[in-house]
Amino acid sequence: MGQNTDEISNRSEYGGSIPVDNVQALASKDLKDVPVRYLRPEIVSDEVLTDESLQIPVIDIGKLSVAGQPGYDDELAKLHLACKDWGFFQLINHGVSESIDAMKVVTKEFFKLGLEEKMKCAQTPTTIEGYGQAFVVSEDQKLDWGDMLFILPLPIPQRNLRFWPLNPPSFRATLDEYSNKLYGVSKELFKLMSINLGIDLETVSKLYENCTQGIRMNYYPPCLEADKVLGLAPHSDAVGLTLLVQVNEVQGLQIKKNSKWVPIKPIRGSIIVNIGDVMEIMSNGEYRSIEHRALVHLEKERLSIAAFHSPGIDTMIGPLTDGVNEKTAKYKTINTEDYTKLIISSKLDGKSLIEQMKIQ
Ligand code: OGA
Ligand code: NI
């Protein structure tokens, strides 16, 4: 990751941001030219895989609900390979479609509101939550062609309702339900991955008890120079597991595989799951967090919702696989507070977080 040393390519979901223009408002202004801060002409030469047969694996979690049921062992093995070889997969039969559909509706409605209404949930200089732009740390940094609403629904006692829209009126109840359902799916996945990795299940349930969950609703307006901007610059997610849904039919997510960008074709109704940095560390490198990015469309808006899940703040982040010891650990073990500090400092330096967690 991070070929672009002049920009922060390993950003994550934490840290305050310098306020910049609202991109949706900018895009609606009949511009003749896209402002230069958004232009990344170098991406035109990036290698993008056009062979559509190469796609991320599809995991049927319906086959994994009861240990020993027909197909269970095969699907569990498939999940392990998906995590090892790809770090990305699509999840089907997850049983939370209703909740996803409802969340898509309120997300679309929120971004349709006027700027003033949306700004009622605006980020403040010291918060990571709210409506605004992903991590901007310097005045000359290239900018992403997108806006977002970021909220931390879990743990519940730490909710800050100031950032939860009151408009549309069903937004809060819908997000509350979505948070709960996606937490359930991610917990189940984490348990299944732990079985595959030989992580003790009691450790797993402790880690997940006070799970931190962030939900980021991304809005990428159309762009008249779509091939020269990025909706979201290349990054890996600093968290444990990310569950992403694409809200409308416009594709844009690409993942890096063998130094080429692979466009993801979402299956309708599926959840796209990816391994984050924390999961790479906990698996002692057996699973990898994969670099990905989002492109934008020339004429159509694109929306997505990412739900990030990490262990609670009272836990340690480090390798957890069976039998791992001081000699075999490939990553450091640190508390979540130090980990968060590391996320922020690595972003400020443009350094890769995961590299700094590696034991040399
Ligand atoms: C993210 C992310 C991809 C997308 O929010 O971290 O990678 O398709 N989003 O919007
Ligand atoms: Ni991401």
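This note sets out points on the metal site and the salt bridges of a predicted model.

1. Metal site. The nickel ion (ligand 2) is held by three protein donors, His235 (NE2), Asp237 (OD) and His292 (NE2), at 2.1 to 2.3 Å. Along the chain these donors follow the spacing H-x1-D-x54-H. Asp237 and His292 thus join distant parts of the chain, 55 residues apart: Asp237 lies in the loop between β6 (232–235) and β7 (241–246), and His292 in strand β11 (residues 292–294).

2. Burial at the site. Asp237 is buried, with a relative accessible area of 2%. His292 is likewise buried, at 6%.

3. A buried salt bridge. The model contains 16 salt bridges. In one of them, Asp144 pairs with Arg40, with 2.7 Å between the closest N and O atoms. The two residues are 104 apart and link distant parts of the chain, Asp144 from the loop between β3 (130–132) and β4 (147–154), Arg40 from the loop between α1 (23–28) and β1 (58–60). Both Asp144 and Arg40 are buried.

4. An exposed bridge between loops. Arg268 and Glu249 form a salt bridge with an N to O distance of 3.9 Å. Arg268 belongs to the loop between β9 (260–263) and β10 (271–275), and Glu249 to the loop between β7 and β8 (253–257), 19 residues apart. Both side-chain partners, Arg268 and Glu249, are exposed.

5. A bridge within a helix. Glu337 and Lys341 form a salt bridge at 3.8 Å, N to O. Both residues lie in helix α8 (residues 336–349), four residues apart, about one turn of the helix. Glu337 and Lys341 are both exposed.

6. A network. Salt bridges also connect Lys63, Glu75 and Lys78 in a network.

Key: Residues are numbered from 1 along each chain as its sequence is written. Chains are lettered from A and ligands numbered from 1 in the order in which they are written. This is a predicted model: local features need pLDDT of at least 70, side-chain atom pairs count only at pLDDT 80 or more; totals for chains, interfaces and linings use all residues. Side-chain values use heavy atoms; hydrogens and water are left out. Donors are N, O and S atoms within 2.8 Å of the metal (3.2 Å for Na, K and Ca); water is not among the atoms, so sites may look incomplete. Buried means under 20% relative accessible area, exposed over 50%, partly exposed in between (1.4 Å probe, protein chains only). A salt bridge is a side-chain nitrogen of Lys or Arg within 4 Å of a carboxyl oxygen of Asp or Glu.
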